[in-house]
Amino acid sequence: MTIPLMYYPLSSQNHRVQKFDVPGDEYPIQYTLENLPTATEMDEIIWAAYRQIFNEQQIIAVHRQVALESQLRNGQITMKDFIQGLLLSESFRRLIYDSNSNYRCVELCIQRVLGRPVYNNKEKLAWSIVLATKGLQGFVNDLLNSEEYDKYFGYNFVPYQRCRVLPQRTQGELPFARMARYDSYYLKQLYQTGQLRKFDPSMLDSSAYVYRKALLFVGILSVAVLLVTLTLVLSPT
């Protein structure tokens, strides 16, 4: 007998009230297949799907699903099927499902599939029970077949982070996945805020440097001894 999804109350009424603000530059770009995209636009849509499901930190060539991409380009599957294929791929299973607890896996999947953070711990517990009883495939199918997913993304839209701009806040919600920036501007900010400190050169371990010097000296000495030996052997007596 399949255990139904446990009831969990919404933690805030903001999620149940229709937004009256007009979308602006801070709203995420919505990628869809409804407008018959060109080949270049299809590349951007597929890239957006990978970025949403795997995040920028996990996007590498080995995680590409070439067969799914081909089916999507040829119109054999919908965007919803493509997202399902990415979630059930071996790469996603290894990176998200196998390397995290059920609670963390649920949190990441809700962020990436439904485009919002979990409401509360009760929702996390409810979906964790589904993940534990139905496995990853059953959990993914329930998420994609949920009323919330159909309402906001349907069959043709790439999931994106929703509710980035909230009227009662001075700053909108930050992206779920944020990558560190290493140019001079961000490094200077990290040093000023104390999040990053410069190392004292006197405190660095110089054993590796000494070891490399010793290896270089031994190599040069060996070559010199070899040359001297060959000179003595080949020289006429």
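The exercises below, each followed by a worked solution, look at ring pairs, charges and salt bridges in a predicted model.

**Exercise 1.** Determine which kind of aromatic pair F54 and F92 form, and where in the chain the two residues lie.

*Solution.* Begin with the whole structure, in which a search finds 6 aromatic pairs. For F54 and F92, the ring centres are 6.1 Å apart and the planes stand at 75° to each other. Since planes over 60 degrees apart count as edge-to-face, the pair of F54 and F92 is edge-to-face. Next, place the residues: F54 belongs to helix α1 (residues 39-54) and F92 to helix α4 (residues 90-97), so the pair ties together parts that are 38 residues apart in sequence. Then check accessibility: F54 is buried, with a relative accessible area of 1%, and F92 is buried with a relative accessible area of 1%. Finally, widen the view, for F54 and F92 form one aromatic cluster together with Y50 and F82.

**Exercise 2.** Describe how R73 and D43 are joined, and decide whether each residue is buried, partly exposed or exposed.

*Solution.* The first step is the contact itself: R73 and D43 form a salt bridge, in which the closest N and O atoms are 2.8 Å apart. The second step is location, and here R73 lies in helix α2 (residues 66-73) while D43 lies in helix α1, so this pair ties together parts that are 30 residues apart in sequence. The third step is accessibility: R73 has a relative accessible area of 39% and is therefore partly exposed, and D43, at 40% relative accessibility, also counts as partly exposed.

**Exercise 3.** Work out which contacts R162 takes part in, starting from its salt bridge with E148 and going on to the ring over which its charged end sits.

*Solution.* Take the salt bridge to begin with: between E148 and R162 the closest N and O atoms are 2.4 Å apart. This pair links distant parts of the chain, because E148 is in helix α7 (residues 147-152) and R162 is in the loop between α7 and α8 (184-193), 14 residues apart. Both partners can then be classified, E148 being buried with a relative accessible area of 19% and R162 being buried with a relative accessible area of 9%. Follow the salt bridges further, and E148 and R162 turn out to be linked with R116 and E123 in a network. Turn last to the ring contact, where the charged end of R162 sits over the ring of Y152, 3.9 Å from its centre.

Methods:
Residues numbered from 1 in each chain as written. Predicted model: local features only at pLDDT ≥ 70, side-chain atom pairs only at ≥ 80, totals over all residues. Heavy atoms only, no water. Phe/Tyr/Trp six-rings, centres within 6.5 Å; stacked < 30°, edge-to-face > 60°. Helix = DSSP H or I, 4+ residues; strand = E, 2+ residues; numbered from the N terminus. Buried < 20%, exposed > 50% of the residue type's maximum accessible area, 1.4 Å probe, protein only. Lys NZ or Arg CZ within 6 Å of the ring centre and 35° of its normal. Salt bridge = Lys/Arg side-chain N within 4 Å of Asp/Glu carboxyl O.
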